[in-house]
Amino acid sequence: MNANNIISDEMTLEEKLAAIDKAMANAQEQANEEAAARGTVAAPLDPADLTMCEGCQ
């Protein structure tokens, strides 16, 4: 997830927070759909996971 695709410098703080919330909800929905396709349950996404690379996790 690229923050530059979600928020911009011209947005107000409220708009930025709303955009981040929407992106997180979309990511969780996608994870739920992928898990359902595999017959599993997706755990809620941890926002901190989106701030570090795969190797650091």
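**Exercise 1. Classify glutamate 10 in this predicted model: is glutamate 10 buried or exposed?**

Solution. Begin with the location: glutamate 10 sits in the loop between α1 (3-6) and α2. Next, take the relative accessibility, which is 69% for glutamate 10. The class "exposed" requires over 50%, and therefore glutamate 10 counts as exposed at 69%. Finally, consider a spatial relation: the C-alpha atoms of glutamate 10 and alanine 23 lie 18 Å apart, with the two positions 13 residues apart in sequence numbering.

**Exercise 2. Determine how many helices and strands the protein has, and examine the span of α2.**

Solution. The count is 2 helices and 0 strands. Helix α2 covers residues 13-38 and has 26 residues. From the first C-alpha of α2 to the last, the reach is 38 Å, close to the expected 38 Å at 1.5 Å a residue. Within the helix, the C-alpha atoms of leucine 13 and glutamate 33 are separated by 30 Å, at 20 residues apart along the chain. After α2 comes glycine 39, with a positive phi near 80°.

**Exercise 3. State which residues of α2 are buried and what they pack against.**

Solution. The buried residues in α2 are Ala19, Ala23, Met24, Ala27, Gln28 and Ala35. A general point about helix geometry helps in reading this list: an α-helix has 3.6 residues a turn, so residues three or four places apart point the same way. As to the partner, the buried residues of α2 pack against α1. For the protein as a whole, buried residues make up 11% of the 57 residues.

**Exercise 4. Identify which residues make the nonpolar surface patch of about 280 Å², and classify leucine 13 and isoleucine 20 by accessibility.**

Solution. The patch is made by Leu13, Leu17 and Ile20. Leucine 13 belongs to helix α2, and its relative accessible area of 56% makes leucine 13 exposed. Isoleucine 20 also lies in α2; with a relative accessible area of 38%, isoleucine 20 is partly exposed. The partly exposed class runs between 20% and 50%, so the value of 38% places isoleucine 20 there.

**Exercise 5. Locate proline 47 and find how far its C-alpha atom is from that of methionine 24.**

Solution. Proline 47 lies in the segment after α2. Its relative accessible area is 49%, and proline 47 is therefore partly exposed. The C-alpha atoms of proline 47 and methionine 24 are separated by 7.7 Å, although the two residues are 23 apart along the chain. Methionine 24 is one of the buried residues of α2.

**Exercise 6. Compare the radius of gyration of the protein with that of a compact globule of 57 residues.**

Solution. The reference value for a compact globule of 57 residues is near 10 Å, whereas the protein has 13 Å. Along the principal axes, the C-alpha atoms fill a box of roughly 40 × 25 × 15 Å. The protein exposes about 4,600 Å², of which carbon and sulfur atoms supply 54%.

Definitions and conventions:
Residues are numbered from 1 along each chain as its sequence is written. This is a predicted model: local features need pLDDT of at least 70, side-chain atom pairs count only at pLDDT 80 or more; totals for chains, interfaces and linings use all residues. Side-chain values use heavy atoms; hydrogens and water are left out. Helices (H or I, at least four residues) and strands (E, at least two) are DSSP runs, numbered from the N terminus. The radius of gyration is taken over C-alpha atoms; the globule rule is 2.2 Å times the number of residues to the power 0.38. Buried means under 20% relative accessible area, exposed over 50%, partly exposed in between (1.4 Å probe, protein chains only). Accessible areas come from the Shrake-Rupley method with a 1.4 Å probe; for residues, only the protein chains shown count as cover. Patches are made of residues with over 30% relative accessible area and no salt bridge: like charges are joined within 9 Å, nonpolar side chains (Val, Leu, Ile, Met, Phe, Trp, Tyr) within 5 Å. A salt bridge is a side-chain nitrogen of Lys or Arg within 4 Å of a carboxyl oxygen of Asp or Glu. The expected span of a helix is 1.5 Å times one less than its number of residues. Contact means heavy atoms within 4.5 Å.
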